[in-house]
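Here is a guided walk through one protein model, taken region by region. Keep the 3D view open and turn it as you read.

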Amino acid sequence: MMTVNEHQEAIADLLKNACPSIQCRVRIEILGQPDTDNQVEDLQNRILQDNLVKEAIGWQGSDEWENSQFHSNNGIESGVRILCEKGVRRDHPTIKRALNVLKKQPDIIYRGIGKPGKILDELGFGGAQMIKAVVFAYPGAEHESCVKEQIKIALEGLEFIGCIESVDQLTETYKNKLVFKPTVMWPGIYHLRLLAHTRQWRTPENYQLVMKGVKKLVELSPIPSIHVRKQSQLIAPASFAMQDFNPNMEKMSGAMWMEWFHRMELLSRIGIVSSIGELQRQLTRLDEMLKQGSGWFMEKISHSSFMNWGTYTGLSLEKDWRSSKRRMYDLTFRSLIIKHPCHETA
């Protein structure tokens, strides 16, 4: 497998020619430079001139997020996610204001998700409270009590699925739709996001628990669409990128590639990819593709979900992909993050 040293040529090109966000994140997340480094500080000024960054900062409005949406494409969740992905400093005033308003106005988390967010929390599927915890985790505020509480729920969800033999054990039919049986727990994308962006849970015992749960998700893939039932109401849990943990990488569409990059980055940051054979094979295939491109991800994949930033989608840091080089920079950067993540093992 190619090491960081074997990617030096690509890294040097990214540091010279990629957008400021990629340059900044390569320095911090791949090369391990501190965010106080002079070069990183200079890049911060350029990142703040990025059109999407300026747009996301503008979503706070004149009332500092107090009347903003939460779970929406131009709300607090998306805004904090975009700013952190773009490499904006974690202590930026806009991010701090967002976290402050979430603490000051607890009910703001139901704007954009409403009653389903409460039901998913109540039944252990990760709803508005878990999304809130993820928003705190993005900029590293994992000391908050809400984050600690939801990490426990995320671990419980993965522990539950680790003991399941088949999807049939979990589901029943209601009005011609597949629904989860009562008392079932099931992990969604926010479970993985929360674990990927936090450290406090990382013990040998918890790693084994998480690895067993993810391995079961791999074995059960492809996973059908399953709803959560609350009396007669059917609610879709956050299943984005969670239905096929073992895809055929030779036959993936652009949308499937976007989900793959998103999911694999989270799993890599969690630190379990090398321990699960099917995931390791996917990583090996990625490595082969990079070798074929002399260190670059050259596959001509594209889909609007790469460019459209919101609560679920959005991975491109370059301003657009009208230039094939910008697509190459974005996807090579994501590949390097997957191959060399900044995570701590137990």
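## A walk from the pockets to the loops

In the largest pocket, 30 residues make up the lining, and Ile28, Glu29, Cys84, Arg90 and Tyr138 lie nearest its centre. Two or more lining residues come from each of helix H2 (20-30), helix H3 (38-47), helix H5 (76-85) and helix H12 (254-270). H2 gives the most to this lining, with 4 residues. Keep in mind as you look around that this is a predicted model. The volume of the largest pocket is about 750 Å³. Sorted by class, its lining holds 13 charged, 10 nonpolar and 7 polar residues.

Next, look for the second largest pocket, with a volume of about 410 Å³. Its lining is made of 20 residues, and Asp50, Lys86, Leu317, Glu318 and Lys319 lie nearest its centre. H2 and H3 turn up here again: together with helix H4 (51-58), they each supply at least two residues of the lining. H4 has the largest share, with 3 residues. By class, the lining of the second largest pocket divides into 8 nonpolar, 7 charged and 5 polar residues.

Now turn to the enclosed space. How many cavities of 30 Å³ or more are there? The count comes to 1, and this cavity has a volume of about 80 Å³. H5 and H12 are the elements that give two or more residues to its lining, and the largest share, 4 residues, comes from H12. The full set of lining residues is Arg81, Glu85, Tyr138, Arg193, His197, His262, Glu265, Leu266, Arg269 and Leu315. You have met Tyr138 before, as one of the residues that lie nearest the centre of the largest pocket. By class, the cavity lining has 5 charged, 3 nonpolar and 2 polar residues.

H5 deserves a closer look. Is this helix buried or exposed? H5 is mostly covered, with 10 of its 10 residues buried. Among them are the nonpolar-core residue Ile76 and, further along, Arg81, Cys84 and Glu85. Cys84 lies among the residues nearest the centre of the largest pocket, while Arg81 and Glu85 line the cavity. After H5 comes Gly87, with a positive phi near 90°.

Ile76 also leads into the interior. In soluble globular proteins, nonpolar side chains tend to be buried together. Here the largest nonpolar core has 118 residues, and those with the most contacts inside it are Ile76, Val210, Trp257 and Phe261. To see the surroundings of one of these, pick Val210: leaving out residues up to four places away in sequence, Val210 touches Leu155, Leu158, Leu195, Trp201, Ile270 and Ile272.

For a change from helices, find the hairpin formed by E1 and E2. Strand E1 (residues 171-174) pairs with strand E2 (residues 177-180) in the antiparallel sense over 4 bridges. Thr171 stands opposite Phe180, and Thr173 stands opposite Leu178. There are 2 residues between the strands, and Lys175 in the turn has a positive phi of about 50°.

The loops offer some further stops. Most residues other than glycine have a negative phi, and most peptide bonds are trans. Glu64, in the loop between H4 and H5, has a positive phi of about 55° although it is not a glycine. Glu64 counts as partly exposed because its relative accessible area is 42%. Gln231, in the loop between E3 and strand E4 (233-235), also has a positive phi, near 60°. Gln231 has a relative accessible area of 67%, so it counts as exposed. For an unusual peptide bond, go to Ser221 and Pro222, which are joined in cis with omega about -5°. Pro222 sits in the loop between helix H11 (204-220) and strand E3 (228-230).

Finish at Tyr110, in the loop between helix H6 (93-104) and helix H7 (114-122). Why does Tyr110 count as buried? Its relative accessibility is 18%, and the cut-off for buried is under 20%. Leaving out residues up to four places away in sequence, Tyr110 touches Gly117, Lys118, Ala128 and Gln129. The C-alpha atoms of Tyr110 and Lys132 are separated by 9.9 Å, with the two residues 22 residues apart along the chain.

Methods
Residues numbered from 1 in each chain as written. Predicted model: local features only at pLDDT ≥ 70, side-chain atom pairs only at ≥ 80, totals over all residues. Heavy atoms only, no water. 1 Å grid on protein atoms, 1.4 Å probe; cavity = no way out; pocket = protein on both sides within 12 Å on 5 of 7 lines; lining within 4 Å. Points joined across faces, edges and corners; volume = space filled by probe spheres on them. Nonpolar A, V, L, I, M, F, W, Y, C, P; charged D, E, K, R; others polar. Core = buried A, V, L, I, M, F, W, Y, C linked by side-chain atoms within 4.5 Å. Buried < 20%, exposed > 50% of the residue type's maximum accessible area, 1.4 Å probe, protein only. Contact = heavy atoms within 4.5 Å. Pairing = 2+ DSSP bridges.
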